[in-house]
Amino acid sequence: MFTDVPYFGNPLAVVLGAEGLSDEQMRQFANWTNLSETTFVLPPRASEADYLVRILTPSTELPFAGHPTLGTCHAWLEAGGRSVRAGQVVQECGAGLVTIKQTEAGLAFAAPPLLREGPVEDDVAERVARELNIGRADIVDIQWADNGPGWVAVLLDSAEAVLAIKPGTVSMDIGVAGLYRPGSPEALEVRAFSGQVSTVEDPVTGSLNASVAQWLLGTGRLQAPYVASQGTALGRRGRVRISQDGDGQVWVGGSAVTCINGTVEI
(Lines give C-alpha, C1' and ligand atoms only; values in the text may rest on other atoms or scores of the structure.)
Protein backbone atom coordinates (compact mmCIF):
# COMPACT_ATOMS: atom_id res chain seq x y z
CA MET A 1 0.00 0.00 0.00
CA PHE A 2 0.88 3.65 -0.64
CA THR A 3 3.13 2.79 -3.57
CA ASP A 4 2.86 1.63 -7.17
CA VAL A 5 6.28 -0.05 -7.03
CA PRO A 6 6.30 -3.69 -5.84
CA TYR A 7 7.95 -4.26 -2.45
CA PHE A 8 7.96 -0.61 -1.44
CA GLY A 9 5.29 1.04 0.73
CA ASN A 10 3.66 -1.00 3.50
CA PRO A 11 2.81 -4.70 3.03
CA LEU A 12 -0.52 -6.20 3.99
CA ALA A 13 -1.87 -9.74 3.93
CA VAL A 14 -5.56 -9.99 2.99
CA VAL A 15 -7.51 -13.21 3.54
CA LEU A 16 -10.61 -13.18 1.36
CA GLY A 17 -13.52 -15.49 2.13
CA ALA A 18 -12.62 -15.83 5.81
CA GLU A 19 -16.00 -17.27 6.79
CA GLY A 20 -15.62 -20.27 9.07
CA LEU A 21 -12.28 -19.26 10.55
CA SER A 22 -12.23 -19.11 14.32
CA ASP A 23 -10.77 -16.20 16.28
CA GLU A 24 -7.84 -18.40 17.23
CA GLN A 25 -7.15 -19.34 13.61
CA MET A 26 -7.16 -15.68 12.62
CA ARG A 27 -4.82 -14.78 15.47
CA GLN A 28 -2.47 -17.65 14.62
CA PHE A 29 -2.29 -16.73 10.94
CA ALA A 30 -1.73 -13.02 11.69
CA ASN A 31 1.04 -13.97 14.09
CA TRP A 32 2.57 -16.23 11.42
CA THR A 33 2.62 -13.59 8.67
CA ASN A 34 4.37 -11.30 11.18
CA LEU A 35 3.23 -8.25 9.21
CA SER A 36 2.06 -5.10 10.95
CA GLU A 37 -1.50 -6.10 9.99
CA THR A 38 -3.35 -9.01 8.39
CA THR A 39 -7.00 -8.61 7.44
CA PHE A 40 -9.85 -11.09 7.14
CA VAL A 41 -12.81 -10.31 4.87
CA LEU A 42 -16.26 -11.50 5.98
CA PRO A 43 -19.87 -10.87 4.95
CA PRO A 44 -21.13 -7.56 6.36
CA ARG A 45 -23.47 -7.31 9.32
CA ALA A 46 -24.60 -3.77 8.51
CA SER A 47 -26.95 -3.46 5.54
CA GLU A 48 -25.07 -0.39 4.29
CA ALA A 49 -21.70 -2.18 4.11
CA ASP A 50 -20.17 -4.11 1.22
CA TYR A 51 -18.03 -6.31 3.48
CA LEU A 52 -16.80 -6.66 7.05
CA VAL A 53 -13.08 -6.62 7.78
CA ARG A 54 -11.23 -7.70 10.90
CA ILE A 55 -7.78 -6.18 11.31
CA LEU A 56 -5.23 -8.16 13.31
CA THR A 57 -1.63 -7.43 14.25
CA PRO A 58 0.65 -10.29 15.36
CA SER A 59 -0.59 -9.74 18.91
CA THR A 60 -3.92 -7.88 18.95
CA GLU A 61 -6.96 -6.74 16.97
CA LEU A 62 -7.48 -3.13 15.86
CA PRO A 63 -10.84 -1.41 15.38
CA PHE A 64 -9.46 0.63 12.48
CA ALA A 65 -6.22 1.11 10.55
CA GLY A 66 -5.49 3.00 7.36
CA HIS A 67 -3.35 0.89 5.05
CA PRO A 68 -5.37 -2.26 5.88
CA THR A 69 -8.54 -0.36 4.93
CA LEU A 70 -7.26 0.61 1.48
CA GLY A 71 -5.35 -2.63 0.93
CA THR A 72 -8.35 -4.78 1.81
CA CYS A 73 -10.56 -2.78 -0.55
CA HIS A 74 -7.93 -3.12 -3.31
CA ALA A 75 -7.85 -6.91 -2.88
CA TRP A 76 -11.66 -7.16 -2.66
CA LEU A 77 -12.13 -5.19 -5.88
CA GLU A 78 -9.35 -7.09 -7.65
CA ALA A 79 -11.04 -10.38 -6.72
CA GLY A 80 -14.27 -9.22 -8.34
CA GLY A 81 -16.02 -7.42 -5.49
CA ARG A 82 -18.66 -4.97 -6.65
CA SER A 83 -20.39 -2.23 -4.71
CA VAL A 84 -23.93 -1.08 -5.42
CA ARG A 85 -22.65 2.51 -5.17
CA ALA A 86 -20.83 3.80 -8.24
CA GLY A 87 -17.24 4.67 -7.36
CA GLN A 88 -17.67 4.00 -3.62
CA VAL A 89 -17.19 1.08 -1.27
CA VAL A 90 -18.44 0.96 2.33
CA GLN A 91 -16.31 -1.07 4.72
CA GLU A 92 -17.54 -2.28 8.09
CA CYS A 93 -14.89 -2.62 10.82
CA GLY A 94 -14.55 -2.36 14.58
CA ALA A 95 -14.72 1.43 14.38
CA GLY A 96 -17.95 1.39 12.36
CA LEU A 97 -18.56 2.16 8.69
CA VAL A 98 -15.77 3.67 6.57
CA THR A 99 -16.41 5.04 3.07
CA ILE A 100 -13.75 4.38 0.43
CA LYS A 101 -13.86 6.12 -2.93
CA GLN A 102 -12.21 5.16 -6.21
CA THR A 103 -10.23 8.00 -7.79
CA GLU A 104 -7.83 8.31 -10.72
CA ALA A 105 -5.00 8.46 -8.18
CA GLY A 106 -6.10 5.28 -6.37
CA LEU A 107 -8.37 4.47 -3.46
CA ALA A 108 -9.02 6.95 -0.64
CA PHE A 109 -10.83 6.52 2.66
CA ALA A 110 -12.76 9.12 4.59
CA ALA A 111 -10.78 9.97 7.72
CA PRO A 112 -12.87 8.88 10.72
CA PRO A 113 -13.63 11.29 13.57
CA LEU A 114 -11.00 11.47 16.26
CA LEU A 115 -11.79 9.51 19.40
CA ARG A 116 -9.43 11.70 21.40
CA GLU A 117 -7.84 15.02 20.54
CA GLY A 118 -6.47 18.11 22.19
CA PRO A 119 -3.36 18.88 24.28
CA VAL A 120 -1.49 16.08 26.00
CA GLU A 121 -0.57 16.17 29.66
CA ASP A 122 2.89 17.46 30.58
CA ASP A 123 4.06 14.08 31.84
CA VAL A 124 2.96 12.45 28.56
CA ALA A 125 4.90 15.04 26.54
CA GLU A 126 8.02 14.40 28.63
CA ARG A 127 7.61 10.64 28.18
CA VAL A 128 7.22 11.02 24.40
CA ALA A 129 10.38 13.12 24.22
CA ARG A 130 12.32 10.50 26.20
CA GLU A 131 11.11 7.64 24.00
CA LEU A 132 12.03 9.55 20.84
CA ASN A 133 15.45 10.47 22.31
CA ILE A 134 14.86 14.18 21.72
CA GLY A 135 14.58 17.17 24.02
CA ARG A 136 11.21 18.49 25.12
CA ALA A 137 12.19 21.82 23.54
CA ASP A 138 12.56 20.11 20.15
CA ILE A 139 8.80 19.51 20.05
CA VAL A 140 7.03 22.40 18.29
CA ASP A 141 3.57 21.06 19.13
CA ILE A 142 2.05 17.84 20.46
CA GLN A 143 -1.51 16.60 20.85
CA TRP A 144 -3.68 13.53 21.03
CA ALA A 145 -4.68 12.38 17.54
CA ASP A 146 -6.35 9.07 18.29
CA ASN A 147 -8.68 7.59 15.67
CA GLY A 148 -8.37 4.00 16.90
CA PRO A 149 -4.77 2.92 17.40
CA GLY A 150 -4.15 5.58 20.08
CA TRP A 151 -1.81 8.05 18.36
CA VAL A 152 -0.03 10.94 20.03
CA ALA A 153 1.02 13.33 17.24
CA VAL A 154 4.26 15.29 17.48
CA LEU A 155 5.29 18.19 15.24
CA LEU A 156 8.99 18.97 14.83
CA ASP A 157 10.44 22.04 13.12
CA SER A 158 11.43 20.30 9.86
CA ALA A 159 11.26 17.11 7.83
CA GLU A 160 14.99 16.72 8.36
CA ALA A 161 14.49 16.67 12.12
CA VAL A 162 11.93 13.88 11.69
CA LEU A 163 14.34 11.80 9.61
CA ALA A 164 17.10 12.27 12.21
CA ILE A 165 15.11 10.63 15.03
CA LYS A 166 16.64 7.51 16.54
CA PRO A 167 14.07 6.33 19.09
CA GLY A 168 14.71 4.17 22.09
CA THR A 169 12.16 1.74 23.51
CA VAL A 170 8.71 2.91 22.41
CA SER A 171 5.80 1.97 24.65
CA MET A 172 3.27 4.43 23.20
CA ASP A 173 1.81 4.96 19.73
CA ILE A 174 3.75 8.03 18.58
CA GLY A 175 3.43 9.78 15.23
CA VAL A 176 5.99 12.41 14.24
CA ALA A 177 5.70 14.94 11.43
CA GLY A 178 7.78 17.79 10.07
CA LEU A 179 7.19 20.13 7.14
CA TYR A 180 9.36 20.25 4.04
CA ARG A 181 10.37 23.62 2.63
CA PRO A 182 7.79 25.33 0.39
CA GLY A 183 8.03 24.12 -3.19
CA SER A 184 9.11 20.59 -2.26
CA PRO A 185 7.28 17.68 -3.97
CA GLU A 186 6.02 16.46 -0.58
CA ALA A 187 4.52 18.68 2.08
CA LEU A 188 5.75 16.79 5.12
CA GLU A 189 7.66 13.75 6.35
CA VAL A 190 5.86 11.38 8.70
CA ARG A 191 7.16 8.57 10.90
CA ALA A 192 5.16 6.20 13.13
CA PHE A 193 6.59 4.42 16.16
CA SER A 194 4.49 1.81 17.91
CA GLY A 195 4.87 -1.47 19.70
CA GLN A 196 1.25 -2.22 18.80
CA VAL A 197 1.26 -2.03 14.99
CA SER A 198 4.90 -2.91 14.34
CA THR A 199 8.05 -3.99 16.10
CA VAL A 200 9.42 -0.42 16.23
CA GLU A 201 8.54 1.68 13.17
CA ASP A 202 5.62 1.30 10.78
CA PRO A 203 6.58 1.96 7.13
CA VAL A 204 3.50 3.91 5.97
CA THR A 205 0.52 4.56 8.23
CA GLY A 206 -2.89 5.58 6.90
CA SER A 207 -4.55 6.09 10.28
CA LEU A 208 -1.77 8.37 11.49
CA ASN A 209 -1.73 10.39 8.28
CA ALA A 210 -5.50 10.79 8.62
CA SER A 211 -5.33 12.22 12.13
CA VAL A 212 -2.22 14.33 11.42
CA ALA A 213 -4.03 15.81 8.40
CA GLN A 214 -7.07 16.66 10.51
CA TRP A 215 -4.79 18.34 13.04
CA LEU A 216 -2.52 20.29 10.68
CA LEU A 217 -5.31 21.33 8.30
CA GLY A 218 -7.41 22.40 11.27
CA THR A 219 -4.61 24.59 12.65
CA GLY A 220 -3.83 26.10 9.24
CA ARG A 221 -0.29 24.71 9.08
CA LEU A 222 -1.11 22.92 5.83
CA GLN A 223 -3.60 23.24 3.00
CA ALA A 224 -5.09 20.37 1.02
CA PRO A 225 -4.41 18.73 -1.32
CA TYR A 226 -0.92 17.66 -0.34
CA VAL A 227 1.34 14.60 -0.44
CA ALA A 228 2.97 13.18 2.69
CA SER A 229 6.15 11.13 2.55
CA GLN A 230 6.64 8.22 4.93
CA GLY A 231 8.96 5.23 5.04
CA THR A 232 11.99 7.19 3.84
CA ALA A 233 14.06 6.15 6.85
CA LEU A 234 13.24 2.50 6.11
CA GLY A 235 13.88 2.68 2.37
CA ARG A 236 10.15 2.20 1.58
CA ARG A 237 9.33 5.49 -0.23
CA GLY A 238 5.65 5.60 0.69
CA ARG A 239 3.42 8.41 -0.53
CA VAL A 240 0.08 9.35 1.02
CA ARG A 241 -2.27 11.72 -0.79
CA ILE A 242 -4.41 13.97 1.38
CA SER A 243 -7.42 15.85 0.04
CA GLN A 244 -10.39 17.65 1.55
CA ASP A 245 -13.84 18.07 0.03
CA GLY A 246 -16.22 21.00 0.23
CA ASP A 247 -17.81 19.65 3.40
CA GLY A 248 -14.44 19.60 5.16
CA GLN A 249 -14.12 15.81 5.04
CA VAL A 250 -10.47 14.72 4.90
CA TRP A 251 -9.65 11.87 2.48
CA VAL A 252 -6.55 9.70 2.73
CA GLY A 253 -5.45 7.94 -0.44
CA GLY A 254 -2.66 6.15 -2.20
CA SER A 255 -1.68 3.62 -4.80
CA ALA A 256 -1.69 -0.14 -4.30
CA VAL A 257 0.06 -3.01 -6.05
CA THR A 258 -0.49 -6.76 -5.62
CA CYS A 259 2.77 -8.66 -5.10
CA ILE A 260 1.56 -12.13 -4.06
CA ASN A 261 -1.68 -13.88 -4.98
CA GLY A 262 -2.59 -17.44 -4.08
CA THR A 263 -4.12 -19.77 -1.50
CA VAL A 264 -3.12 -20.78 2.00
CA GLU A 265 -4.11 -23.70 4.19
CA ILE A 266 -5.28 -22.83 7.70
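**Exercise 1. Which residues of the largest nonpolar core touch the most other members?**

Solution. Keep in mind that this is a predicted model.

- Step 1: collect the members. The largest nonpolar core holds 44 residues.
- Step 2: rank them by how many other members they touch. Y51, I100, F109, L188, Y226 and I242 come out on top.
- Step 3: ask where the members sit. Helix α5, residues 206-218, supplies the largest share of this core, with 7 residues.
- Step 4: check for leftovers. A second core, separate from that one, has 20 residues, among them V154, V162, I174 and F193.

**Exercise 2. Work out whether Q143 is buried or exposed, and list what Q143 touches.**

Solution.

- Step 1: place the residue. Q143 belongs to strand β9, which runs over residues 141-146.
- Step 2: apply the cut-off. Buried means under 20% relative accessible area. Q143 has 14% relative accessibility, so Q143 counts as buried.
- Step 3: look at the surroundings. Leaving out residues up to four places away in sequence, Q143 is in contact with E117, G118, P119, V120, V152, A153 and W215.

**Exercise 3. Describe the largest pocket: its volume, its lining and the elements behind that lining.**

Solution.

- Step 1: get the volume. The largest pocket comes to about 1,000 Å³.
- Step 2: find the lining. There are 31 lining residues, and L12, A13, V14, I260 and N261 are the closest to the pocket centre.
- Step 3: map the lining onto elements. Two or more residues each come from β1 (13-15), α1 (23-33) and α2 (66-78). Of the elements, α2 gives the most, at 4 residues.
- Step 4: sort by chemistry. The lining splits into 20 nonpolar, 9 polar and 2 charged residues.

**Exercise 4. Now go for closed space: how many cavities of 30 Å³ or more are there, and what lines the largest cavity?**

Solution.

- Step 1: recall the idea. A probe the size of a water molecule, rolled over the atoms, shows where empty space is left.
- Step 2: count. The tally is 1 cavity of 30 Å³ or more.
- Step 3: get the volume. The largest cavity holds about 50 Å³ of space.
- Step 4: name the lining. Out of 13 lining residues, E37, A65, D202, T205 and S207 are the closest to the cavity centre.
- Step 5: map onto elements. Both α2 and α5 give two or more residues to this lining, and α2 gives the most, with 3 residues.
- Step 6: sort by chemistry. The cavity lining divides into 6 nonpolar, 5 polar and 2 charged residues.

Technical notes
Residues numbered from 1 in each chain as written. Predicted model: local features only at pLDDT ≥ 70, side-chain atom pairs only at ≥ 80, totals over all residues. Heavy atoms only, no water. 1 Å grid on protein atoms, 1.4 Å probe; cavity = no way out; pocket = protein on both sides within 12 Å on 5 of 7 lines; lining within 4 Å. Points joined across faces, edges and corners; volume = space filled by probe spheres on them. Nonpolar A, V, L, I, M, F, W, Y, C, P; charged D, E, K, R; others polar. Buried < 20%, exposed > 50% of the residue type's maximum accessible area, 1.4 Å probe, protein only. Contact = heavy atoms within 4.5 Å. Core = buried A, V, L, I, M, F, W, Y, C linked by side-chain atoms within 4.5 Å.
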